[in-house]
Amino acid sequence: MLSIKDNEELTRVGPGTLMGDLFRRFWLPALLSRELPESDGVPVRLRILGEDLIAFRNSSGSVGIIGAYCSHRRAPLFFGRNEEEGIRCPYHGWKFGVDGKCMEAPNAGERDGEGLRSRLSISGYPTREQGGLVWVYMGPPESTPDMPSFEWLGLPSEHVHVSRWLQRSNFMQGVEGEIDSSHISFLHKEYADVGNNKSVRIASADGAPHVAIKETPYGFMSGARRSLDNRHYWRVTHWLLPTYSAVPRSTGTNFTVGGGRIWVPVDDDNVTTFAVSYRVDASLSSRELGLIESGKGFPPRATRTTVTLAGGQRIDTFLPDANIDNDYLVDRNHQKFMNFTGIWGANEQDRSLQESMQRGALGQTVDRSIEHLVAADAAIVAARRRLLKVARDLRAESISPVPPGDTYAVRALSEFSEYDDFNSFVSQFGQVMRAPVHNGGNQ
Ligand code: FES
Ligand SMILES: [Fe+2]
């Protein structure tokens with residue numbers, strides 16, 4: 001459990017909060033590059049870390065992520081004209097560039113001038129496009145960090161599939177589900193159609209894995225050990241600061257496919273989940289792409305739409321088709337005979353629980369002061385401790401929380417071993433879990 005104070009500090013993300021300051025030290029994905037297909041096209045409304053923003057691609061193809069409201073009288077720039085290297089507010093014609101600087105303020109009359117225009121600027125954050133995503137850095141310019149050197153950021157674009165969708169819970173419920181290895185034996189159990197997913201099949205056989213944690217510069221690796229036919233089956237997931245993951249996609253050391261998620265808070269009550277799937281040795285085939293987009297795993301079945309949040313903000317995002325308003329399309333007959341939940345896809349199963357956990361005083365945030373953790377929750381405890389520690393070290397002593405970019409070049413692994421202790425397993429397979437470090441990556 002966590003105290004009410006720690007739970008609050010762990011989950012609030014607005015400007016000036018402990019965790020909000022931490023997130024603002026990392027490059028974060030903001031949206032998919034393909035959502036801004038053309039220069040001078042339609043802007044996309046975003047909300048990230050409690051800030052209302054718009055993303056737009058200017059005439060020369062650069063992407064700006066800037067404050068959503070005009071500095072004059074706070075009209076929404078979403079309705080602006082995206083023209084000649086900037087977005088122009090339709091109310092009185094003020095114009096802003098991709099850096100948020102005011103380029104023109106035509107109704108400011110005689111007072112119009114350089115000094116005035118720089119005072120009229122709105123927030124504008126640096127962006128870069130890599131791996132099919134637009135990334136944003138919302139922190140102090142002097143602390144701009146390295147990009148994390150994920151393996152998939154160095155691959156040709158046909159090797160990588162990226163997606164995003166809205167989850168209506170605090171981000172930490174998603175992060176905790178990600179590293180919670182014991183739920184796989186229950187929530188994702190299939191009775192009939194387990195297909196080729198050998199890891200799920202093995203995990204289904206033992207619901208009380210031994211969980212071991214190994215702290216690393218980027219976060220930790222968590223090994224869940226299950227016993228099967230007198231052998232030790234290890235499933236190793238990487239958790240990388242602040243909310244990235246690498247999750248095993250297949251069993252064995254012949255690594256070809258990988259994947260993971262990134263959780264970027266919309267605000268305290270909502271999170272955007274980004275999912276990545278990739279092949280290192282070839283382009284993703286149409287069969288693989290079909291499977292990824294079927295909604296059976298990650299991403300869920302989803303529709304691009306505009307959502308009005310509880311505070312009235314409108315955001316352009318992907319809304320899962322199975323969601324809280326239709327009880328995730330639960331089929332109770334299916335639950336009796338086919339799978340553990342009666343809910344179809346793996347992310348749909350995860351969200352059906354994570355979006356409605358018992359709340360306390362913190363909106364869409366679970367009340368962690370009344371939970372009962374067990375040994376299988378070791379990774380969850382480790383993630384909470386690490387996040388609170390690095391955020392407090394940043395606040396108290398200005399210690400940078402950002403690990404070197406090349407430490408992010410890791411691969412997740414599930415494999416059998418004769419070893420029952422995690423350190424020996426890591427010594428045995430450490431090399432397999434390192435990915436080559438690349439310079440830069442695909443667009
Ligand atoms: S409110 Fe935007 S120009 Fe007046
Ligand atoms: Fe899950």
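The following exchange covers helix packing, buried residues and unusual backbone geometry in a predicted model.

Visitor: What conventions apply to this model?
Guide: Residues are numbered from 1 along each chain as its sequence is written, and chains are lettered from A and ligands numbered from 1 in the order in which they are written. Side-chain values use heavy atoms, with hydrogens and water left out, and because the model is predicted, local features need pLDDT of at least 70, totals for chains, interfaces and linings use all residues, and side-chain atom pairs count only at pLDDT 80 or more.

Visitor: Which residues of helix H1 are buried?
Guide: Helices (H or I, at least four residues) and strands (E, at least two) are DSSP runs, numbered from the N terminus. Buried means under 20% relative accessible area, exposed over 50%, and partly exposed in between, with a 1.4 Å probe and protein chains only. H1 spans residues 4-11, and its buried residues are Asp 6, Asn 7, Leu 10 and Thr 11.

Visitor: How wide an arc do the buried residues of H1 cover around the axis?
Guide: The arc is that of the directions from the helix axis to the C-beta atoms. Ile 4 and Lys 5 are exposed on the other side of H1. The buried residues lie on the same side of H1, because their arc is only 115°.

Visitor: At what angle do H1 and H9 pack?
Guide: Helix H9 (378-397) is included in what covers the buried residues of H1. Axes are lines fitted to C-alpha atoms, for helices over the stretch in contact, and angles run from 0 to 180 degrees between N-to-C directions. The axes of H1 and H9 are 10 Å apart, and the packing angle is about 75°.

Visitor: Which residues make the contact between H1 and H9?
Guide: Contact means heavy atoms within 4.5 Å. The H1 side contributes Lys 5, Asp 6, Glu 9 and Leu 10, and the H9 side contributes Arg 384, Leu 387, Leu 388 and Arg 392.

Visitor: Which residue makes a polar contact with the side chain of Ser 245?
Guide: Ser 245 lies in strand E16 and counts as buried at 7% relative accessibility. A polar contact is a pair of N or O atoms within 3.5 Å; within protein, one must be able to donate a hydrogen and the other to accept it, and residues adjacent in sequence count only if both atoms are side-chain atoms. At 2.6 Å, the side-chain partner of Ser 245 is Glu 178.

Visitor: What distance separates the C-alpha atoms of Val 175 and Thr 243?
Guide: Val 175 is in helix H4 and counts as buried at 2% relative accessibility. Leaving aside neighbours within four places in sequence, Val 175 is in contact with Trp 239, Thr 243 and Trp 263. Val 175 and Thr 243 are 68 residues apart along the chain, and their C-alpha atoms are separated by 6.6 Å.

Visitor: Which residue does a cis peptide bond join to Leu 241?
Guide: Most peptide bonds are trans. The cis bond after Leu 241 has an omega of about -5°. The partner lies in the loop between strand E15 (231-240) and strand E16 (244-246), and is Pro 242.

Visitor: What is the phi of Ser 398?
Guide: Most residues other than glycine have a negative phi. Ser 398 lies in the loop between H9 and strand E21 (413-417), and is exposed, with a relative accessible area of 61%. The phi of Ser 398 is positive, near 55°.
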